[in-house]
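Work through the exercises below with the model open. Try each task before reading its solution.

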Amino acid sequence: MLQIIIALKSSVHFYFFFFLIAAVFSAISCSGPSVYVSPDGNDYNTGTQKSPVATLQKAIELNRSLKFGIIRVEPGEYYNVSFTLTSVDSGLIIKSAKAEPPVLYGGVTFGGWKQNGEWLETEIPEALGNNLDFRILIINDTLRDRARLPEAGAFYHRSEWPHQWQSSQGGWSQKPTRDDLTTLLYRQEDIGLWLDVNNAELTVFHAWDDSYVALADIDTLNHILRFSYPATHPAGAYASWAGEKTRQYIVWNIKEGMTRPGQWYVDRTNRKIFYWPMPYEKTNELKAMIPTQNFLAKIDKYCNGVKLENLSFACSGAPISNTGYGTLDITGAILVNNADNLTLKNIQVKNVAGWAVKVKGNNIDIEDCSFSFTGASGVYMNGDKISIQRSGIHDTGKLYFGSVGVYGNGSRLLISHCELYNIPYCAINGLGNRSIAEYNLIYNFKQMMVDGGAIYSFGSDSSIYRFNAVLAPSGNKTEGWTYYFDELSTNCIMENNLAVNTIVPVHHHMAGGIGIRNNIFIDEDHQKISFPLCSDINVSGNTFVAKQVLFSGPNGEHGTTPKENFNAVYQQYFDATGIVECSVNQFFADNVKHDVLHVYNRIRTEDLSWITKNGNQVHPFGDYQMIIPETYRKAGFRNNFDDIYNLMIVKIH
């Protein structure tokens, strides 16, 4: 009996030991050996959890030799961060060591403030050396406003550009010279001898974009400003159709533009920063930061299979640049150059001078992220099978007003369950081919620029907008051009979308084979469904709600202008057919009309010929019951549709 008891005890000890070893190995296999980074670390350490290194770049170097494949970053703040992953780092995971994300700053803090009247001033930190090309100042984790003239709105210049824009396919009827692109005629009452061309920078507005330029010279006799590099378009271009915006400009970064607390400017000549503190800010409690790095993370070509998770990035710069259409021509905080199978999860990027993220590659997933307070735009993605899901993109364009929320190019892209707001131009600009934008919640878009829309695509083939909700406030006066397929788009569908108070919920242009079905468009007064130079459009199962609904586009008729009198691009659309099928639509409107267009010329305005045919029904505007289908409450990712809707919308009637 004793021998049996001893044997049982030994067996218990053996199994306990076995399970203990198994648990240890299981923990190791789940987490794996890692290189650790900590704000309290030292780059001479070994990189273990008890002996962490101090910088990500050192951790990357260690991992290349140890080949652990995981870098864990302890919570805390890291400064002057900028790291690059190459092909040898393929498969690397960089993530927070705990639930709280670390904050990775591409800049340095500084102080030494001295009182100068209502302002504070300090020397530019030595960490910048001779590179004084920065445009953001962060105070207590907030992006502060730059000094500007005028204090609000914009100046009006006297420059003119009378030549015709022949669409994006044809460009200008006369090619601009360098002189055309580098001069602006200002009004004498706006600019004086006081203008410091060494510090001043300009935003010059066009139509759907703006130019950002530095100054080379001022001619005070002839009232001419000369730029140090070309603008995207001549000053005054598009004035014939895009209105007053095309004659506007703003002057940045001059002391004369310091008009209120919260503003700042940099005096590059004297290496000083001036800041007008907010009334509640105490000088000794200011955490001031400027960027020292132009990117925080770069993933180079052929660095595949990388994952960044639960990290916060902030404070990166961008060299002065004319950013071009959609701010495409400027750098970003996170850069991915032709890398595949990448994941960005729970990543936050804010308070940066350029883009939050620019990715190029294939099979890239961006999930549960936040991108905000960017000088340029939110997320650029170019490639095959790239998705951004359950993410917030807001408050973009703090430096460049041609900013967008998401810019897509390529194929099989997916933008899903995102919330996009406070954006100067398009919320979503571009989908590429065979791509989908779905369940996105969009509001406060197109705040500064004309043309464009909430969701806009150029040249898309077989792409879909579906189950999106776009809201504008009661009393809105800005034409949303909300769901928009532009030039050369074909075989695309917009279905089951909602637009409220956007005035122009549909605008398609030079597109063909577009299906508009099962959408709900609601406006307080008038509503426009616009489709110039389009053909083969199918409109079915939609609900149109407005006092007046106006369809505006061709019907296959030719106007009085002969085909040969149009330029080569417009001749391609001479026989545009517009809407070819319209069925089972519901109209809650007191008036429904059609502006019959040929090219851009109106032939006449008439009642819709098909308004009571093919199952279409017309009801008085007052009969509509304001009930939003439950489907749209799934738009976005924060379950906040009702909050935004109730904040912005009053009863339509």
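The exercises cover backbone geometry first and pockets afterwards.

This is a predicted model, where local features need pLDDT of at least 70, side-chain atom pairs count only at pLDDT 80 or more, and totals for chains, interfaces and linings use all residues. Residues are numbered from 1 along each chain as its sequence is written, and side-chain values use heavy atoms, with hydrogens and water left out.

**Exercise 1. Characterise the peptide bond from L149 to P150, and place P150.**

Step 1. Read omega: it is near -5°. The bond is cis.

Step 2. Locate P150. It sits in the loop between β13 (148-149) and β14 (155-156). Strands here are DSSP runs of E with at least two residues, helices are runs of H or I with at least four residues, and both are numbered from the N terminus.

**Exercise 2. Find phi, location and exposure for N338 and for N444.**

Step 1. Take N338. Its phi is near 60°, a positive value in a residue other than glycine. The loop between β25 (332-337) and β26 (342-352) holds N338.

Step 2. Check exposure. N338 has a relative accessible area of 28%. That makes N338 partly exposed (buried is under 20%, exposed over 50%, partly exposed in between, with a 1.4 Å probe and protein chains only).

Step 3. Take N444. Phi is near 55°, again positive in a residue other than glycine. N444 belongs to the loop between β36 (441-443) and β37 (455-457). At 29% relative accessibility, N444 is partly exposed.

**Exercise 3. Describe the largest pocket: volume, lining and composition.**

Step 1. Fix the term. A pocket is an open set of points on a 1 Å grid over the protein atoms alone, where a 1.4 Å probe fits, with protein on both sides within 12 Å along at least five of seven lines; lining residues have an atom within 4 Å of a point.

Step 2. Read the volume: about 1,200 Å³.

Step 3. Go to the lining. It has 49 residues, with W208, W241, A242, D451 and W481 nearest the centre. Elements giving two or more residues are α3 (167-170), α5 (239-242) and β46 (526-530). The largest share, 4 residues, comes from α5.

Step 4. Sort the lining by type: 24 nonpolar, 15 polar and 10 charged.

**Exercise 4. Repeat for the second largest pocket.**

Step 1. The volume is about 420 Å³.

Step 2. The lining has 22 residues, and D145, G397, K398, L399 and F401 lie nearest the centre. β11 (142-143) and β12 (145-146) each supply at least two lining residues.

Conventions: Grid points are joined across faces, edges and corners, and a volume is the space filled by probe spheres set on the points. Ala, Val, Leu, Ile, Met, Phe, Trp, Tyr, Cys and Pro count as nonpolar, Asp, Glu, Lys and Arg as charged, and the others, Gly among them, as polar.
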